[in-house]
Amino acid sequence: MHKRVMDPDGPRRDTSADDLMLAVEHLVRYVRRSATAGGLSTAASSALGRLGREGPQRLTELARAENATQPNMTQLVTRMERAGLVRRTADHTDGRGVLVEATETGLEVFRQRRAERSEALGLLLERLPEAERAAVRTALPALARAIEEDGTR
């Protein structure tokens, strides 16, 4: 049913980008499903995660970073504000601007969700042979660095 992306005897030379994409999609779904704290939607989880990692942001910046329209992000932030996860504050560098920042409750939900995802990934890694675990520990940080260096995504 599922093709193995990694051969226990070493990496497959014929693994296509499509095969790798399928593996990434499965991994992302698996990890996302494991995070249940706060009962957040995918969009709310992503926005809260960004605020937790990067700190306060203008609504327009948050919408752009999350690939959402400003009206949709405004609605999302309003729902998250009502839930006590974020608050809007004045931008001290521009009196007309408003920043969105995670509240202490929001940061706690962010930390809980990250811990849940980390635990799920750790359990998944434990099921792999050591050679595959080592390959994942090398490959995922390398891909993250490539994304950071690209800076366009």
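Visitor: How many bridges join strand β3 to strand β5?
Guide: This is a predicted model, in which local features need pLDDT of at least 70, side-chain atom pairs count only at pLDDT 80 or more, and totals for chains, interfaces and linings use all residues. Residues are numbered from 1 along each chain as its sequence is written, and side-chain values use heavy atoms, with hydrogens and water left out. Helices (H or I, at least four residues) and strands (E, at least two) are DSSP runs numbered from the N terminus, and two strands pair if DSSP finds at least two bridges between them. Strand β5 covers residues 98–102 and runs antiparallel to β3, and the number of bridges that join them is two.

Visitor: Which residue in β5 is the bridge partner of R58?
Guide: R58 is found in strand β3, and its contacts (heavy atoms within 4.5 Å), not counting residues up to four places away in sequence, include D91, D94 and R96. One residue of β5 lies 41 residues from R58 along the chain, with the two C-alpha atoms separated by 4.4 Å. That bridge partner is L99.

Visitor: Why is one side of β3 and of β4 left without a neighbour in the sheet?
Guide: Three strands form an open, antiparallel sheet in the order β3-β5-β4. One side of β3 (57–58) and one side of β4 (86–90) are left without a neighbour because these strands stand at the edges, each with a single partner strand.

Visitor: What angle does the direction of helix α4 make with that of β4?
Guide: Helix α4, residues 70–82, packs on the sheet and touches both β4 and β5. Axes are lines fitted to C-alpha atoms, for helices over the stretch in contact, and angles run from 0 to 180 degrees between N-to-C directions. For α4 and β4, the angle is about 110 degrees.

Visitor: How far apart are the closest N and O atoms of R50 and E66?
Guide: The two residues form a salt bridge, defined as a side-chain nitrogen of Lys or Arg within 4 Å of a carboxyl oxygen of Asp or Glu. The pair links distant parts of the chain, since R50 is in helix α2 (residues 42–54) and E66 in the loop between α3 (59–65) and α4. R50 is buried at 16% relative accessible area, and E66 is buried at 17%, where buried means under 20%, exposed over 50% and partly exposed in between (1.4 Å probe, protein chains only). The closest N and O atoms of R50 and E66 are separated by 2.5 Å.

Visitor: Which residue forms a salt bridge with R137?
Guide: R137 counts as partly exposed, at 48% relative accessibility. Its salt-bridge partner is partly exposed as well, with a relative accessible area of 45%. The closest N and O atoms are 3.8 Å apart, and the partner is E130.

Visitor: What accessible area do M21, V24 and V28 have together?
Guide: M21 belongs to helix α1, residues 17–34, and is partly exposed at 42%. Patches are made of residues with over 30% relative accessible area and no salt bridge, like charges being joined within 9 Å and nonpolar side chains (Val, Leu, Ile, Met, Phe, Trp, Tyr) within 5 Å. By the Shrake-Rupley method with a 1.4 Å probe, counting for residues only the protein chains shown as cover, the nonpolar surface patch has about 220 Å².
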